[in-house]
Amino acid sequence: MKTQKIFIIVILLLINSSFYAQTSISLFNEESSSDWHKVLQSEADPDTVFFFSDCILNAKGDPFAYIRTTEKYENYELNLEWRWVENATNSGVLLAITGEDAVWPHCIEAQLRDQSAGDLVLMHEGAKATVNGVKHQVDPNVRWVSVVEKFEEASEKDHGEWNHYRIRFYNGDLKLWVNGILQMSASKVHPTNGYIGLQSEGSWIQFRNIALTPLVY
């Protein structure tokens with residue numbers, strides 16, 4: 001019986017490790033943003049809105065815009081770091097971008113607005129999620145977005161310091177950690193498959209170490 005229990009434990013450990021041991025991939029080549037698609041709200045040179053310096057992606061904040069992958073992703077863990085260069089205002093990590101490229105697209109947003117990192121933002125009709133047993137969805141007759149506030153007090157660092165976002169999105173379950181603090185846990189999230197994007201929305205923000213780990217058994 002003891003041998004059988006040990007065997008079961010080993011099998012469970014192997015299953016768990018196979019889930020997490022997938023190879024991480026960098027979403028940027030850390031030299032150029034040309035492998036991502038840029039969408040701007042108004043006329044401007046995209047390469048002055050989003051650009052690399054010293055392996056850091058800069059988003060200048062004006063005009064409103066986002067930069068997204070050219071490939072769609074589903075079932076992954078996404079890790080990245082961000083910091084504010086000037087005044088801290090607003091930004092976000094856009095998940096499962098679908099439909100037309102426009103500012104702002106149909107997607108699920110992991111919020112980066114100052115002191116609100118970890119909020120869940122549902123954008124446009126069809127976006128939905130369940131948090132703590134409560135169903136949330138966009139009602140276009142009321143507003144084009146629906147915001148679910150984070151669980152804990154703001155866990156962001158002082159302006160100018162690097163913060164860490166851990167985003168785990170698997171089979172409709174979405175968890176957001178800000179500097180190691182679980183700020184959001186949602187289920188039955190829709191959509192789940194799409195592009196991943198980063199926002200330029202108000203002021204200069206920087207991103208680095210943007211890595212995606214596919215989650216598969």
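These questions and answers walk through a predicted model, from its sheet to its largest pocket.

Me: Which strands form the open sheet, and in what order?
Reply: Strands of a sheet pair through backbone hydrogen bonds, either parallel or antiparallel. Here seven strands make up an open sheet, and their pairing is antiparallel. The order across the sheet is S2-S5-S16-S7-S8-S9-S12.

Me: Which strands stand at the edges of that sheet?
Reply: Look for strands that have a single partner strand, so that one side is left without a neighbour in the sheet. The strands that fit are S2 (37–40) and S12.

Me: What is the average twist from one strand to the next?
Reply: Picture yourself stepping across the sheet in the order S2-S5-S16-S7-S8-S9-S12. From one strand to the next, the twist averages 25°.

Me: In S16, which residue is the bridge partner of Val93?
Reply: Strand S7 (residues 92–98) and strand S16 (residues 195–200) run antiparallel and are joined by three bridges. The partner of Val93 in S16 is Leu198.

Me: Ala96 has a positive phi; what is the value, and is the residue buried or exposed?
Reply: Most residues other than glycine have a negative phi, and most peptide bonds are trans. Ala96 is not a glycine, yet its phi is positive, at about 55°. The residue lies in strand S7. Its relative accessible area is 0%, under the 20% cut-off, so Ala96 is buried.

Me: How does Asn75 count by its relative accessibility?
Reply: Asn75 is another residue with a positive phi, about 60°, although it is not a glycine. You can find Asn75 in the loop between S5 and strand S6 (76–84). Its relative accessibility is 21%, and buried means under 20% while exposed means over 50%, so Asn75 counts as partly exposed.

Me: Which residues does a cis peptide bond join in the loop between S4 and S5?
Reply: The loop between strand S4 (56–59) and strand S5 (65–68) holds Pro63. Omega is about 0° at the bond in question, and the residues joined are Asp62 and Pro63.

Me: Where is Pro191, which is joined to His190 by a cis peptide bond?
Reply: The bond between His190 and Pro191 has an omega of about 0°. As for its place, Pro191 is in the loop between strand S15 (181–190) and S16.

Me: Is the ring pair of Tyr66 and Trp104 stacked, edge-to-face or tilted?
Reply: A pair of aromatic rings is described by the distance of the centres and the angle of the planes. The centres of Tyr66 and Trp104 are 6.4 Å apart. Their planes stand at 40°, so the pair is tilted.

Me: How many residues apart in sequence are the parts that this pair ties together?
Reply: Tyr66 is buried at 0% relative accessibility, and Trp104 is buried at 11%. Together with Phe64, they form one aromatic cluster. Tyr66 belongs to strand S5 and Trp104 to the loop between S7 and S8, so the parts tied together are 38 residues apart.

Me: Which residue in the turn between S10 and S11 has a positive phi?
Reply: Strands S10 (residues 128–131) and S11 (residues 134–137) pair in the antiparallel sense over four bridges. Val131 has Val134 as its bridge partner in S11. The two strands form a hairpin with two residues between them, and the one with a phi of about 50° is Asn132.

Me: Which residues of S9 point the other way from Leu120 and Leu122?
Reply: In a regular strand the side chains alternate between the two faces of the sheet. In S9, Leu120 and Leu122 point one way, and the buried residues pointing the other way are Val121 and Met123.

Me: Which residue of S12 stands opposite Leu122?
Reply: S9 and S12 pair in the antiparallel sense over four bridges. Opposite Leu122 stands Ser146.

Me: Which strands give two or more residues to the lining of the largest pocket?
Reply: About 210 Å³ of space lies in this pocket. Its lining has 14 residues, with Asn90, Gln111, Val121, Arg143 and Val145 nearest the centre. The elements giving two or more residues are S8 (106–111), S9 (120–123) and S12 (145–148).

Technical notes:
Residues numbered from 1 in each chain as written. Predicted model: local features only at pLDDT ≥ 70, side-chain atom pairs only at ≥ 80, totals over all residues. Heavy atoms only, no water. 1 Å grid on protein atoms, 1.4 Å probe; cavity = no way out; pocket = protein on both sides within 12 Å on 5 of 7 lines; lining within 4 Å. Points joined across faces, edges and corners; volume = space filled by probe spheres on them. Pairing = 2+ DSSP bridges. Axes fitted to C-alpha atoms, helices over the stretch in contact; angles between N-to-C directions. Buried < 20%, exposed > 50% of the residue type's maximum accessible area, 1.4 Å probe, protein only. Phe/Tyr/Trp six-rings, centres within 6.5 Å; stacked < 30°, edge-to-face > 60°.
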